[in-house]
Structure formats: C-alpha cells, structure tokens
Amino acid sequence: MPDPRAPSSKIELRVLGGHKTAVIREEVPESGLAEAMGRMFQLVMSALREQGVEPASQPFARYHSMDETIDLEAGVIVESPFEAAGEVKSGELPAGPAAIAVHTGTYETLGATHAAMQRWLEANPAQQQNGGPFEIYISDPAAEPDPAKWMTEVIYPLKPNAAIG
C-alpha cells in the first residue's frame, strides 16, 4: 500500500526558465484561502481580457509565507506585455533549479504533498529551498468535475548547486 504521506508522483529535479506573470498579492487567513484565490484569479483574468492578453498557463499560486496569515500571489504566466490594472501587477516566477511533484487529488490534500517536499528537503541537505513554493493548477475544475483526478504541480525553487545547475 502506498504511503499516504507521499506526493502523488515522485519528486523530480528540473531547471526552470523564469516567467513573467500577472498577479495579485495579498495576505489572507488560511480559513479564507480558497475564497480569496478564486476572487484573485477572476480579477487577474478580467484585467487580462480587458487588455486582450491571453494567459500562457493555467492559474498558479506562489506562497511567500504561511503563518497565521498566508502571504501569496495568485495569477497566470503571460507572454505579452500588459499594463498594471488596479490590484493586478506584473510579477515573475523564478528561473533555476526546482524540486517538483505532481499532486493528484483535491486541493484540501495538497498539504500532504507540501509535507512530503519538506521531508525530502530535510533528507537531501545539498538541496536548499530558494524562496517560496508555488502550485500550478494543471486541471481546470470546470472541465474535470471529479476532484480525485485534479492535478497540481507543486514546485519548490532550489538554490543552484553542482548536481542540478
């Protein structure tokens, strides 16, 4: 039987290219995270539509801190320039090495994949986290109604080292 504390896929190392983003950054209580993210994604998509800019990715969330309140960015990758509009600002996802796992299942169980990533980092001291993790929501819940099939890439940026660049 698989370890229920493990991510849905193995953790792999990759070198990522940096990406320009359109985001909203807020601090929200954990209890209001889902509602806040939904609102933030809607505002980002609305601002891009008004400017005729197409997103170049599925939505993502980047976590800067996860204390009593969660400091996060929610948005999408963009390839075309856009003008900041209200709360929607220009941002960037980092380039460089990263540890990545694909989580399959509901968003409520993403914490298990993050915990597995933390255990992996502790077991691999040569790999050091470099900034906050982010999640790319591969599956669109509107297109896939079964939450057990939702896929989310969980990405932990790492400091460069000889093993992965």
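## Around Glu135

Let's start with one residue and its surroundings. Beyond its neighbours within four places in sequence, Glu135 is in contact (heavy atoms within 4.5 Å) with Pro59, Phe60, Ala61, Tyr63, Leu110, His114, Thr152 and Glu153. This is a predicted model, where local features need pLDDT of at least 70, side-chain atom pairs count only at pLDDT 80 or more, and totals for chains, interfaces and linings use all residues. Residues are numbered from 1 along each chain as its sequence is written, and side-chain values use heavy atoms, with hydrogens and water left out.

Glu135 is buried (under 20% relative accessible area, 1.4 Å probe, protein chains only) but has no salt bridge (a side-chain nitrogen of Lys or Arg within 4 Å of a carboxyl oxygen of Asp or Glu). Arg62, the nearest side chain of opposite charge, is 12 Å away. The Glu135 side chain does make a polar contact with that of His114, at 2.6 Å (N or O atoms within 3.5 Å, one able to donate a hydrogen and the other to accept it).

## The sheet

Glu135 belongs to strand β7, residues 134–137 (strands are DSSP E runs of at least two residues, numbered from the N terminus). Which order do the strands of the open sheet follow? The 8 strands run β1-β6-β8-β7-β3-β4-β2-β5, with antiparallel pairing (at least two DSSP bridges between two strands). At the edges, β1 (12–16) and β5 (89–93) each pair on one side only.

Inside the sheet, 9 bridges join β2 (residues 19–29) to antiparallel β4 (residues 69–77). Ala22 has Val76 in β4 as its bridge partner.

Methods. Helix = DSSP H or I, 4+ residues; strand = E, 2+ residues; numbered from the N terminus. Buried < 20%, exposed > 50% of the residue type's maximum accessible area, 1.4 Å probe, protein only. Lys, Arg positive; Asp, Glu negative; His and termini not counted.
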